[in-house]
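Got the viewer open? Load the structure, switch on cartoon plus sticks, and follow along stop by stop.

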Amino acid sequence: MAVLDRRKHPRVRQWVIPQNARHRKAHGCHPITSFDAGSIKSCTECANCSIFQRYSCALEADAKFECLPATYERKVYDSFVNDKYTWRAVNKHANKNMAFYWSIFKTHSPWNPTTMMIDPDNQTTLALNPFDKDTIRLILSPDVTEIGCFRKICGEYEYIACKTGQVVVTKEDKPLYTPGKRCQIDSDCTLPGYPRCDADSGLCDIDLNAKLEKSIVPPLVCIQQFSIYMRSSKEKCNGVYDTGSDHSQAERNKIVVFVNKFRALINNNCTLCLGVLKPASNYRKVKYSCALEIESQFECSTNSTTDNFKDDGLTWKDSVYLPSKTWRSSSFEVSTPVFDHLLVDPDTQAVNNTSNIAVFIRLFMSEDVTEVGCFVKVCGNQEYIACRTNHDRNLPNNEPLYTPGRRCNSDADCTLPGYNVCDASLGLCDYKTHHELKKEALSNKCEIVRFFRIETSAEKCGLNYDTGSAMSNKERESIVYIVNQYRKLVNNNCDLGKGVVRHVTNYRKVKYSCAFEEEAKFECSNLNDTTFYSDKNTWRYAKYADLGYRTTIFGFVCPWNQFMMIDPDHQTISETSESIRDYLRLILSPEVTEIGCFNKICGDYEYIACKSGHTVVAPKGKPLYKPGHRCLADEDCTLPGYGICDTDSGLCEADFGNHLHII
């Protein structure tokens, strides 16, 4: 068998994308890439290519196949056909020694209107040949933004297989796209990452300049996160002042973090109850005040009830049921309002009522607030909390929370005395120095992964992929975030139950796969929560259903660090429970680069099934990974398509787009 040296033929890849773009131009889809035709190199060099090339070496690797012995050649020719997620083609290779030849991709692309045959009324393909239908779906589906193809000559035949991360073959003749209007100016392009209109083609293009910088806004800043249970501990405020409050210094620190997350909602284009708010200039982080904690003091009494423990306009108050006095959720986090219930007028920046939520907003989110203090007391089986801030109590209730302006993106944007450092990830001005912030981040690198509270809302996966799952795209993003946070724990010297674990070389961040979500699909009929178990290639879990805002089911099962029980010497997880073992193998196996989950509420229970394309259930003694070294610079990331080192996490990022991008 003669095998083609792929490195000598980079222009095969160069042709794939413009051929697709030519067809997409006629239908108004955004292009798969924007590039200089001479700049795409072989995938052995792809890790160093410009990040706005949207040819995907990772998808090329996924499409890889091997030649079989010559005796099977004819059988392979006949069976090398398209499947649900892969487009395949074969050519009789007349002369392997020809210096120039027709690209196999071009040979099998639609040539004329007769072949294309797209119904102008319902956008379905009328092509008579099933292969042509698959090819049209491969190149025209609007949710396709990347393509990768593997090509090889085996004996007398030339083979090619291509993937896009989306469906190629469908059983039913679904519309190719939703009709609309082509772009004519940049403002017509509204999808994230594609803000530039190529007026000649009518396609939305990537922003070349924006891709040169890594996004500074953290993922999921607009989604409500909660800490897991904290140990009850009564400690002096800042280790000095005995105020009598029943909470620890760690909980005081968490209150500050949580208040700053509420403030970040204003400066990160988050959608609140009444819409997206305009950003604020010089919007500051808060710090903790023991003096304000003392001002918030109260005592338990026989008259203390949840009904008479109410706000007075100067002090925000609430109470929560306390099922356990050893471990419990932070009373502040449990009591704070849901993000979508924040009634701030986008036009006036004011809150026009006197409810408990309105008091919270004015006390914690007004621009003049820089300090917060809370007093906590356990009275019987209830935990009561009262908080004050340094908000100007003389301001009327309808006073705007802040003056609209521009969020900080650099230190130069923070001009108020004592707040000269910009935390660009939140858009807030900080009183701490860069050194203090870095030290704080290092001290939190092994923090237990938080869970999310997200409203139950069924949305199509990605741009237009309807799997029938009950999840929103926010929830899909939260799954990717959780997985990558756990991977971060492995590569940052964290104790995961049996000591500090060793690192993983070329440990990649995962992204979301709508294709895997489709593969994990199930129906409610005959489901039973007691028999919904994981198998070799699918992770499954069921719990009693909570409607509305609820803890995401994927996050609900997140194990605490101390329960992961990863052996630092052998990388095994034999001493933890079976359910945790399956979960850890799903999220931590180094070969996993994509994950997709199907979620549905059936009766009183919520079910989820996830796939990664790799084994979930394995023998207890099988190691999770082979130990190595975390990345410290881009050159440490040597796997195709993952050439960027996120030095904070020690994980290798995809160099063809944001790692949270849903494909």
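Start by selecting Cys237 and Cys290: both are buried. This is a predicted model, so read everything on this tour with that in mind. Measure between the two sulfur atoms of Cys237 and Cys290 and you should get 2.0 Å, a disulfide. The torsion about the S-S bond of this pair is about -90 degrees, so the disulfide is left-handed. Color by secondary structure to see what gets tied together: Cys237 sits in the loop between β7 (230-231) and α7 (249-264), while Cys290 is in helix α8 (residues 290-295), 53 residues apart.

Want to browse the rest of the set? Select every cysteine; a search of the whole structure finds 15 disulfides. Here are two more of them.

**Next stop: Cys524 and Cys602**

Select Cys524 and Cys602, which a disulfide joins with an S to S distance of 2.0 Å. Check the torsion about the S-S bond: -70 degrees, which is left-handed. The pair links distant parts of the chain, 78 residues apart, with Cys524 in the loop between α13 (514-519) and β20 (539-544) and Cys602 in strand β22 (residues 594-602). Now turn on a surface. Is Cys524 buried or exposed, or something in between? At 29% relative accessibility, Cys524 counts as partly exposed, whereas Cys602, at 11%, counts as buried.

While the surface is up, click on two other cysteines. Cys273 is partly exposed, with a relative accessible area of 39%. Cys558 is buried, with a relative accessible area of 12%.

**Next stop: Cys149 and Cys162**

Hide the surface and go to Cys149 and Cys162. Their sulfur atoms are 2.0 Å apart and form a disulfide. Which hand does the link of Cys149 and Cys162 have? With 110 degrees about the S-S bond, it is right-handed. Cys149 belongs to strand β2 (residues 148-154) and Cys162 to strand β3 (residues 157-163), 13 residues apart. Cys149 is buried at 7% relative accessible area, and Cys162 is buried at 0%.

**Stay there: strand β3 and its neighbors**

Keep β3 selected and add its partners. β2 pairs with β3 in the antiparallel sense over seven bridges; look for Ile153 standing opposite Glu158 in β3. Then zoom in on the turn of this hairpin, which has two residues between the strands: Gly155 takes a positive phi near 60 degrees.

Bring in strand β1 (residues 87-92) as well. β1 and β3 also pair in the antiparallel sense, over six bridges, and Lys92 stands opposite Tyr157 in β3.

Now show side chains. In a regular strand the side chains alternate between the two faces of the sheet. Along β3, Tyr157, Tyr159, Ala161 and Lys163 point one way, and Glu158, Ile160 and Cys162 point the other way. How many of the residues of β3 are buried? Seven of its seven, so flip to either side and you will find the strand mostly covered.

**Last stop: helix α12**

Finally, select helix α12 (residues 473-490) and put a ruler between its end C-alpha atoms: they are 27 Å apart. At 1.5 Å a residue, its 18 residues should span 26 Å, which agrees. Then show everything around the helix. Of the 18 residues of α12, 15 are buried, so the helix is largely enclosed by the rest of the structure.

Technical notes. Residues are numbered from 1 along each chain as its sequence is written. This is a predicted model: local features need pLDDT of at least 70, side-chain atom pairs count only at pLDDT 80 or more; totals for chains, interfaces and linings use all residues. Side-chain values use heavy atoms; hydrogens and water are left out. Helices (H or I, at least four residues) and strands (E, at least two) are DSSP runs, numbered from the N terminus. The expected span of a helix is 1.5 Å times one less than its number of residues. Buried means under 20% relative accessible area, exposed over 50%, partly exposed in between (1.4 Å probe, protein chains only). A disulfide is a pair of cysteine sulfur atoms within 2.5 Å. Two strands pair if DSSP finds at least two bridges between them.
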